[in-house]
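This report looks at how two chains are packed against each other, beginning with the core and moving on to the contact and the fold of one chain.

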Amino acid sequence: MSDLGLNSGASPKFTGPMRVLGDRSERLRNFLLEYAHSPIAVAGGGILVLLLLIAIFAPWIAPQNPYDLASLSILDSRLPPGSESYNGYTHWLGTDGVGRDLLSAIMYGLRISLSVGVLSSLFALMIGMFVGLFAAYTGGRTENIIMRIVDLQMSFPAILIALILLAILGRGAEKTMIALIAVQWAYYARTVRASALVEREREYIEAARGQRLGHFRIVSRHLLPNCFAPLLVVLTVQVAHAITLEATLSFLGIGLPETQPSLGLLIANGYQYLLSGSYWISIFPGVALLITILSINLVGDRLRELLNPGMRR
Amino acid sequence: MIAFIIQRVFQGAAVVLAMSLIVFVGVYAIGDPVEILINPDADQQTREAVRQSLGLDKPLWMQYLFFVKSALHGDLGTSFVFNIPAIQLILQRLPATLELALTATALAILLGIPLGLVSGLNDKRWYSRMIMAGSILGFSLPTFWVGLILILVFGVWLGWLPVYGRGDTVRFLGVEWSIFTLDGLRHIILPAFNLALFKIALFIRLTRAGVMEVVNQDYIRFANAMGIKKARLLWRHILKNIMIPIVTVIGIEFGSVVAFAVVTESIFNWPGMGKLIIESINHLDRPVIVAYLMVIVVMFVIINLLVDLLYAGLDPRVRLGSSNR
């Protein structure tokens with residue numbers, strides 16, 4: 001824990017590249033060991049890795065391609081979980097209204113949900129990081145104006161901003177991504193600015209300035225690496241938020257289009273059959289969504305415990 | 001204090017104006033409602049006539065000026081679909097949404113704060129751990145998904161509660177209310193609980209954190225040593241000190257409850273303005289979209305203003321801080 005402080009406080013200029021490398025892998029190992037002290041966080045991490053693998057390899061491991069219309073038969077529609085289709089295939093999680101195998105649909109849906117969530121969060125991270133660092137490094141009036149905008153945006157709930165944007169832009173994959181990015185960037189900006197404010201007063205920044213290094217170099221090589229840990233925590237939390245929000249918007253019919261059925265859309269499609277008792281069409285994609293969000297949150301909570309210096313002291 | 005209020009009012013007005021521009025340009029620059037409103041077989045002449053009657057043939061800036069002028073007169077256009085004034089449509093639906101949001105907030109306070117107190121005062125007990133685990137679930141579960149489960153369990157499987165609409169309403173102070181009829185109350189339980197769940201989890205955490213911070217302070221220990229009655233200690237010394245942040249958060253969160261009502265209303269077919277906006281987006285009913293967004297932005301600015309004032313009133317340190325600036 002203290003080696004983090006040592007590394008940034010003492011002159012890092014005089015440590016050779018080998019030394020730094022060794023330090024890093026050692027730190028990573030210590031970090032993983034410490035992470036493993038919480039069994040529930042390890043379980044969350046394990047499930048998350050499994051879900052990621054399923055999402056990445058969905059087209060190869062799914063029992064059926066749910067969007068290949070030729071392989072669908074209306075005779076198979078709304079089969080309860082575990083029943084056999086007329087060509088002898090067992091649908092473990094049942095089928096939906098048009099006879100799609102739900103297990104396969106969920107695997108594909110997970111792929112869409114995760115990629116939309118992760119991509120939009122990464123974009124928002126980059127924008128927020130840039131804005132936050134810029135604000136903190138420039139200071140003065142620019143910083144004031146930027147932070148006012150950030151505060152103003154954060155006083156509106158995320159779903160409302162997304163709703164406004166989608167009401168304006170209309171439904172669609174890129175439009176949903178834009179809405180998700182617009183909703184999230186302010187969190188990163190605020191986080192990175194908060195840590196950059198502390199870091200910019202430290203001696204190593206002063207030393208870098210004294211050496212007349214360029215602004216870009218100071219910010220990117222010296223300031224940013226020392227502000228990164230809190231950003232990582234916010235990133236995990238925000239990915240979970242983004243996935244939830246996308247599912248909600250898609251459920252409402254204003255998010256992703258029908259051609260890109262994320263978990264939220266799968267749940268929405270099953271909603272019409274819920275009242276007639278075909279619960280599985282909505283419930284199983286919902287369970288998949290829930291497991292995804294919970295496992296991300298478990299990992300995020302553990303990361304916050306380990307990386308947030310405020311909680312350790 | 002007065003300077004602070006004036007400053008905040010101006011700031012709020014600026015936000016409303018900026019939003020009106022963004023919303024108007026955004027909503028009117030995309031899509032073509034004429035395509036949806038009239039028969040696809042209609043000829044060019046009919047299209048032009050409809051376009052003119054809706055004022056869509058004028059340049060955008062003219063439409064905006066006209067829009068601002070009418071908005072100041074309380075006229076936000078006429079719904080393309082319902083053919084009645086958009087603002088009237090929104091205001092008709094507003095009581096249903098407010099009723100739902102207020103009930104949900106009340107539920108969140110009545111459940112969240114006592115549960116938070118219990119778990120904060122006995123933080124090592126098994127039931128405190130249960131409460132905390134429950135609040136983590138409350139944070140993680142998406143609102144719409146909880147709504148589905150509530151419908152499935154209480155509506156479909158058990159058949160205990162209705163899951164569709166408002167039920168019987170009664171007229172009181174000029175608007176229809178569900179909470180004053182037995183049938184209406186039965187209808188509001190599930191949607192209100194659904195909407196409240198996230199806030200219950202939030203209030204549990206807030207109260208618990210506040211209690212745990214306060215009980216270790218010297219004045220509580222001294223009060224305890226003096227033999228003050230448990231109830232008095234709880235009400236006068238603990239609750240009073242943790243209420244400032246909680247009251248503020250209740251105020252801020254009320255806005256978010258209204259925003260999230262969009263989800264709950266759509267699931268439970270609650271005829272509020274949230275359900276209306278989703279339908280309007282799908283129908284590209286632009287006057288209604290614009291009217292909804294303007295009403296909600298104004299509402300938010302007012303809520304934020306009230307919360308700021310409340311906070312400044314409750315905590316003298318805020319007032320001092322703002323006058324120093």
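## Core and chain contact

In this predicted model, the largest nonpolar core holds 150 residues, and the residues with the most contacts inside this core are Ala162(A), Tyr188(A), Tyr292(B) and Leu293(B). The element that gives the most to this core is helix α4 of chain A, residues 102-138, with 17 residues. Leu293(B), one of the residues with the most contacts in the core, touches Ile164(A) and Ala167(A) as well as Val23(B), when residues up to four places away in sequence are not counted. In soluble globular proteins, nonpolar side chains tend to be buried together.

The contact between the chains takes 32 residues from chain A and 31 residues from chain B. On the side of chain B that touches chain A, at least two residues each come from α1 (2-29), α7 (143-157), α10 (230-268), α11 (273-283) and α12 (286-314) of chain B. The residues on that side of chain B divide by class as follows.

| Class, side of chain B touching chain A | Residues |
|---|---|
| Nonpolar | 22 residues |
| Polar | nine residues |
| Charged | no residues |

Taken by itself, chain B has a secondary structure of 13 helices and two strands, and its C-alpha trace spans about 85 × 60 × 35 Å along the principal axes. Of the 325 residues in chain B, 36% are buried. Among the contacts in chain B that link residues at least 6 apart in sequence, 70% join residues at least 24 apart.

Technical notes:
Residues numbered from 1 in each chain as written. Chains lettered and ligands numbered in written order. Predicted model: local features only at pLDDT ≥ 70, side-chain atom pairs only at ≥ 80, totals over all residues. Contact = placed C-beta atoms within 7 Å. Helix = DSSP H or I, 4+ residues; strand = E, 2+ residues; numbered from the N terminus. Nonpolar A, V, L, I, M, F, W, Y, C, P; charged D, E, K, R; others polar. Buried ≥ 20, exposed ≤ 12 C-beta atoms within 10 Å, placed from the backbone. Core = buried A, V, L, I, M, F, W, Y, C linked by C-beta atoms within 7 Å.
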